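Student: I have a model open and would like to talk through a few local details with you. Could we start with the cysteines and then move on to the backbone?

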Amino acid sequence: MTQSHKPLLRVLAGETLATPPVWLMRQAGRYLPEYREVRAKQSDFIAFCLNPEAATEVTLQPIRRYGFDASIVFADILLIPHAMGQKVWFEKGEGPRLTQMELAKLAALSPDGAAERLDPVCETLRRLSKALPGDCTLIGFAGAPWTVATYMIEGAGSKDRWKARTAAWSEPGLMDQLLANLADATADYLIAQAKAGAEVLKIFESWAEGLPAPLFERVVIRPTRRIVETVKAAGITAPIIGFPKGAGPHYVRYAAETGIDAIATDHGLDTDWAVTNLPRGMPVQGQLDPAVLKAGGEALRSETQRLLDAWGGRPYVFNLGHGINPDVPPEHVDALLAYIRGS
Ligand code: CP3
């Protein structure tokens, strides 16, 4: 890989910077008035994600306003089930809904052609590569197979993924088939994103929480490793960030066994434990509690400082431990950036 001057790429290549690069999960979103204005004109969320003009615009909004070190393409992890043939829609104020289908039917959905059907996201990436400022790194992403499968099986977000966890134990053959198909579609999609200009790839395992070790190995580690191996075998050198949200002590195995290059930490993970137990040389991203960003004031200052101190001796990317909430005042993000950048 050629050496880059971009702060995020330098850190992901193993460098420790005095001022860490910073970006925020869901930095394009409803807390921004300019996002809500574009959103109001888009009746269908999936169509919005697949509209390169609108998606490019909202991706750029937080870059213009704050000058983040990275830009994550505006899209959604549920585009993969959509592209594989399960209907996905968003109920206002309630979140995602997917057509109810039996596990056997879900496991029979083919990964072939899914990445091609998501070419509009790649078109957004091509436009962003040309439009972004020189120091800003472009990030592509996808959901991890288990997290996406939980939505496919439950038909919505759910409190404890009961149906998906039960299915993983009672119908392991069908579940493993679904996860393998999702891994293949996701690998193709990430390869296409890298070819379209994504310089970093991130895999969101938002529901890594609450899994006993044998299940964590089967539904999280194995399918994630399948994606990472396929992407790297295709000659893609973009570093891959893994985010196993809520994995607790399983973070260690996830970091060691999936083949990812950098690890994103959530705010529930004990910082001191993570500093000691995550692999020394592996770049780490995270882990400010999004509620601290909402609270602002002294809590925001001291928590930001705590994380800068704890992670300061190693390759570190400042971020939240999960996405920004819609009720966060935009000026709290200015305050956060001032603390980090010392300006
Ligand atoms: O700025 C960015 O971070 C890039 C865009 C992005 C979105 N979703 C846009 C979005 C990213 C990286 C995602 C990932 C995503 N989507 C995840 C993984 C991260 C996480 O939050 O755990 C998950 C689980 C989803 C599925 C999803 N999409 C849900 C559960 C929801 C509804 C949540 C809500 O707050 O209503 C979405 C919708 C969604 N995706 C929005 C945005 C900006 C809000 C929808 C809107 O504007 O109406």
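Tutor: Let us begin with a definition: a disulfide is a covalent bond between the sulfur atoms of two cysteines. For the purpose of counting, a disulfide is a pair of cysteine sulfur atoms within 2.5 Å. Please keep in mind that this is a predicted model.

Student: Okay, how many disulfides does the structure hold?

Tutor: The count of disulfides in the structure is 0.

Student: Why is there no bond for C49?

Tutor: The cysteine sulfur closest to that of C49 belongs to C122, and because the two are 14 Å apart, they are too far from each other for a bond. Taken from the side of C122, the closest cysteine sulfur is that of C49, again at 14 Å and again too far for a bond.

Student: And is C49 buried or exposed?

Tutor: C49 counts as buried, since its relative accessibility is 0%. C122 also counts as buried, with a relative accessibility of 2%.

Student: Switching to the backbone, which residues does the cis peptide bond join?

Tutor: The cis peptide bond joins G286 and Q287, with an omega of about -5°. Q287 sits in strand β8, which covers residues 284-288.

Student: What about phi, then: what is the value for R26?

Tutor: R26 is not a glycine, and yet its phi is positive, at about 60°. This residue is found in the loop that runs between α1 (7-12) and α2 (33-40), and R26 is exposed, with a relative accessible area of 55%.

Student: Where does R161 lie, and what is its phi?

Tutor: R161 is placed in the loop between α9 (145-154) and α10 (162-170), and R161 likewise has a positive phi, of about 50°, without being a glycine.

Student: Buried or exposed, for R161?

Tutor: R161 counts as buried, because its relative accessibility is 6% and buried means under 20%. R26, by contrast, is exposed at 55%, as the cut-off for exposed is over 50%.

Student: One last topic, S71: which strand is it in?

Tutor: S71 belongs to strand β1, made up of residues 70-72, and S71 is buried, having a relative accessible area of 0%.

Student: Which residues is S71 in contact with, leaving aside its neighbours within four places in sequence?

Tutor: With those neighbours left aside, S71 is in contact with Q27, T59 and I63, as well as with L132, C136, T137, L138 and I139.

Terms used:
Residues are numbered from 1 along each chain as its sequence is written. This is a predicted model: local features need pLDDT of at least 70, side-chain atom pairs count only at pLDDT 80 or more; totals for chains, interfaces and linings use all residues. Side-chain values use heavy atoms; hydrogens and water are left out. Helices (H or I, at least four residues) and strands (E, at least two) are DSSP runs, numbered from the N terminus. Buried means under 20% relative accessible area, exposed over 50%, partly exposed in between (1.4 Å probe, protein chains only). Contact means heavy atoms within 4.5 Å.
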